[in-house]
Each structure stands twice: as C-alpha cells, then as structure tokens.
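Let's take a walk through this model together. Have the sequence and the 3D view open side by side, and follow along from one piece to the next.

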2 protein chains.
Amino acid sequence: MDNYEKTIKRDNIYSGKVVKLDVETVLLPNNNKAKREIVRHPGAVAILPINNNKEIYFVKQYRKAIEMELLEVPAGKLEYNESPSLCALRELQEEIGFTASKLTLLGKFYSSPGFSNEIIYVYKAEGLVKSKLATDDDEFIDVIKYSDRESIAMLNEGLIMDAKTAIALSLGLNL
Amino acid sequence: MDNYEKTIKRDNIYSGKVVKLDVETVLLPNNNKAKREIVRHPGAVAILPINNNKEIYFVKQYRKAIEMELLEVPAGKLEYNESPSLCALRELQEEIGFTASKLTLLGKFYSSPGFSNEIIYVYKAEGLVKSKLATDDDEFIDVIKYSDRESIAMLNEGLIMDAKTAIALSLGLNL
C-alpha cells in the first residue's frame with residue numbers, strides 16, 4: 001500500500017438505479033492533490049452455460065451505452081445482499097430458462113478499475129435442465145447457441161466484443 | 001436491431017476529466033419507457049509487453065475505485081483524436097519505459113456494456129527496447145516482470161483480478 005491515496009473530500013454527484021458517481025479529492029504519495037471520478041456499482045455475475053453436447057448459450061441484447069446489440073454470456077447485477085452463486089442461478093433462469101446442477105467459479109475480475117469498483121464473478125454452469133423462462137418485463141433478449149469450437153473461433157476472429165464473455169470463454173473452455 | 005431503444009430525453013449529469021454521466025429516457029420495444037444510466041469514456045488501450053525471454057512486464061498501481069493495489073498490464077486512456085496504436089506505444093513508454101518494434105492487435109472489448117461505452121483495444125508488444133521512463137507526475141506505478149508460465153499460473157490461480165489483463169494473457173500467450 002505504498003501508493004495509497006487518502007480521501008480528503010468526497011462529493012456524491014449522483015445515485016441512480018445502477019450506478020453511483022462520486023468525485024473524491026485525494027492526497028497522492030507526493031502530497032499533491034488529485035480528483036478521482038468513481039463509478040460505484042453493486043457488482044455482477046457472468047455465466048458460461050455449457051450443455052452435454054458442448055454447446056454454449058449466449059444472449060444477444062441491445063446495449064444503450066454502445067447503441068448496438070452485443071453477443072454476451074448470460075449476466076446480471078447482484079441484488080442487495082445476494083450471494084454471487086445464487087445470482088448466477090437466478091440470471092440463468094431469467095435469461096435463458098435453465099437451471100444448473102453444477103456451478104464452478106472461474107474467477108472474479110474488476111471490469112474497469114481505473115474508474116469503477118464493479119467486480120464480475122465469472123461462473124461455468126453445467127448439468128443444465130430446461131425450466132420456465134422468467135424474463136424481466138423490460139428485458140429484450142434473444143438466446144443463441146453455439147458449439148464450443150464455434151465460440152472459440154468467434155473469439156479468435158474478433159467477433160466477441162464483450163470483455164466478460166471473452167474471459168468466460170478463455171477460462172471455461174479447454175480446447 | 002429488433003430491440004433498439006430510442007432516446008426520448010437525455011440529461012447530462014456530470015462531465016469530468018475521465019467520465020461523463022448521462023441519464024437517458026428510452027422507449028423500449030414494448031413501448032414502455034425506461035431510464036438508462038450511461039457512463040461515457042474516451043476508450044483505452046491495454047498492452048501485453050513480452051521480451052525475447054518470454055517475460056511479461058506488469059504494473060502495480062493503487063486504484064482508488066477499489067481501494068487497493070492491482071496487478072495489471074500497462075494501459076491508459078485514449079487522448080482526443082489519438083489512434084489506439086500510438087496510444088499503446090505512448091503508454092508503454094510512460095508506464096514501463098520501453099519502445100516496441102512490433103505491435104499486434106489481439107482484440108477490442110467493451111469493459112462494461114451494461115452501463116458504459118468504454119472500449120479497450122488490447123495489444124501484444126514485442127521487440128522491446130529500453131528507452132527513457134517518462135512517467136506522469138501524478139502516477140505512482142511499480143513495474144514487475146514475470147515469465148509467461150508464471151503469468152498463466154497467476155491467472156489460473158485467481159491472482160489476476162483485472163479484466164483487461166486476464167484477456168491480454170489469455171489471447172496473447174499460447175502455452
């Protein structure tokens with residue numbers, strides 16, 4: 001912690017449904033002051049769902065921040081006090097309509113530590129069993145299935161542009 | 001673009017040095033309205049610098065958003081109108097004091113498309129030549145070197161917690 005930055009002042013700019021924005025004035029190791037813009041986020045999970053035929057379920061959804069549809073593994077925000085593994089099972093159900101008998105944590109990652117505290121728990125889900133789709137009313141998602149080899153080919157060809165999905169495929173598949 | 005969300009209203013909440021925060025009211029495909037909190041970011045690069053001995057240069061720096069030091073590959077924000085490859089060479093120089101004769105784009109990724117438009121261009125840098133370290137005055141960074149095998153072991157053991165670093169190692173090393 002040699003390079004620790006002590007907070008001198010914190011201004012809360014915004015508190016929304018998904019993010020909070022704080023601007024903090026900090027004391028640097030050289031005693032200069034600096035501003036840090038910090039986007040606080042509750043954290044999230046991402047799940048790589050693989051069936052017994054080594055097929056992977058993806059979701060395609062419109063992402064307003066980038067004004068395009070993006071191919072991603074199922075994912076979602078942690079609810080207040082929710083454990084990451086229960087969140088993973090809930091999102092599997094909500095987004096692709098499956099339960100899983102085996103959940104393996106592949107890792108946890110800060111998505112953008114330069115300006116946000118968002119952490120993403122990345123799971124592999126196996127033993128998939130079809131259940132009832134329980135989509136959020138205001139979520140519009142298409143479910144698409146690719147083989148493990150097709151998925152890795154898409155990653156290598158630059159067709160996967162979502163960071164958590166790239167990590168899930170890299171760590172979850174051993175081809 | 002079936003699931004396109006049309007913006008009805010945009011409120012700019014904050015415009016800072018690193019991020020802007022907009023809250024947009026959008027029209028959903030079912031004609032309901034929803035709010036989207038969008039953190040706009042100029043984009044960034046991350047670089048996997050590998051020398052002829054297959055050693056990788058990492059940086060360790062204090063990240064205020066997560067209140068801890070994090071091990072990452074060299075990285076930095078795009079300046080206005082700066083090309084990603086020139087940004088990569090600049091950050092290599094500023095953060096680890098090297099120039100590179102070969103730069104390969106491994107991919108480009110949205111770090112958090114659920115709430116941010118940040119895109120990260122991930123490069124592999126080879127043909128490293130020591131130059132002068134030109135650190136930013138207010139950046140406090142330690143440079144650390146690991147072999148390719150040590151780096152992959154750290155990734156598999158959960159010791160790499162930065163998303164762009166996990167992607168750079170996964171895509172840039174073939175072990």
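Start in chain B, where three strands form an open antiparallel sheet in the order E1-E2-E3. Strands here are DSSP runs of E with at least two residues, helices are runs of H or I with at least four, and both are numbered from the N terminus; two strands pair if DSSP finds at least two bridges between them. Strands E1 (6-15) and E3 (33-40) of chain B stand at the edges with a single partner strand each, so one side of each has no neighbour in the sheet. From one strand to the next, the twist averages 20°, using lines fitted to C-alpha atoms as axes and angles from 0 to 180 degrees between N-to-C directions.

Before going on, some housekeeping. Residues are numbered from 1 along each chain as its sequence is written, while chains are lettered from A and ligands numbered from 1 in the order in which they are written. This is a predicted model, in which local features need pLDDT of at least 70 and side-chain atom pairs count only at pLDDT 80 or more, whereas totals for chains, interfaces and linings use all residues.

Back to the sheet: strand E2 (residues 20-27) of chain B pairs with E3(B) in the antiparallel sense over eight bridges. One spot to click on is Glu24(B), whose bridge partner in E3(B) is Arg36(B). Thr25(B) also sits in strand E2 of chain B. Is Thr25(B) buried or exposed? It counts as partly exposed, because it has 15 C-beta neighbours inside 10 Å; 20 or more others within 10 Å would make a residue buried and 12 or fewer exposed, with C-beta atoms placed from the backbone. Setting aside neighbours within four places in sequence, Thr25(B) is in contact with Ile8(B), Lys9(B), Lys33(B) and Lys35(B), contact meaning that the C-beta atoms, placed from the backbone, lie within 7 Å. Its C-alpha is also 6.5 Å from that of Arg10(B), 15 residues away along the chain.

Now zoom out to both chains. A turn of 180° with a shift of 0.0 Å along the axis lays chain B on chain A with an RMSD of 0.0 Å, superposed by least squares on the C-alpha atoms of residues with pLDDT of at least 70 in both. The two copies are therefore related as by a two-fold rotation axis. They use the same surface, too: 100% of the contact residues of chain B recur in chain A.

How many residues does each chain put into the contact? Chain B gives 52 residues and chain A gives 52 residues. On the side of chain B that touches chain A, the elements giving two or more residues include E1, E2, E3 and helix H3 (163-172) of chain B. E3(B) gives the most, with six residues.

Finally, look at chain A by itself. It has three helices and ten strands, and its C-alpha atoms fill a box of roughly 60 × 35 × 30 Å along the principal axes. An automatic or database domain assignment sets the bounds of domain 1 (6-40) and domain 2 (44-172) in chain A. The C-alpha centres of these two domains of chain A lie 30 Å apart. Of the 175 residues of chain A, 40% count as buried. Helix H3 (residues 163-172) of chain A is mostly covered, with nine of its ten residues buried, among them Ile167(A) and Leu169(A).

Key. Two residues are in contact if their C-beta atoms, placed from the backbone, lie within 7 Å.
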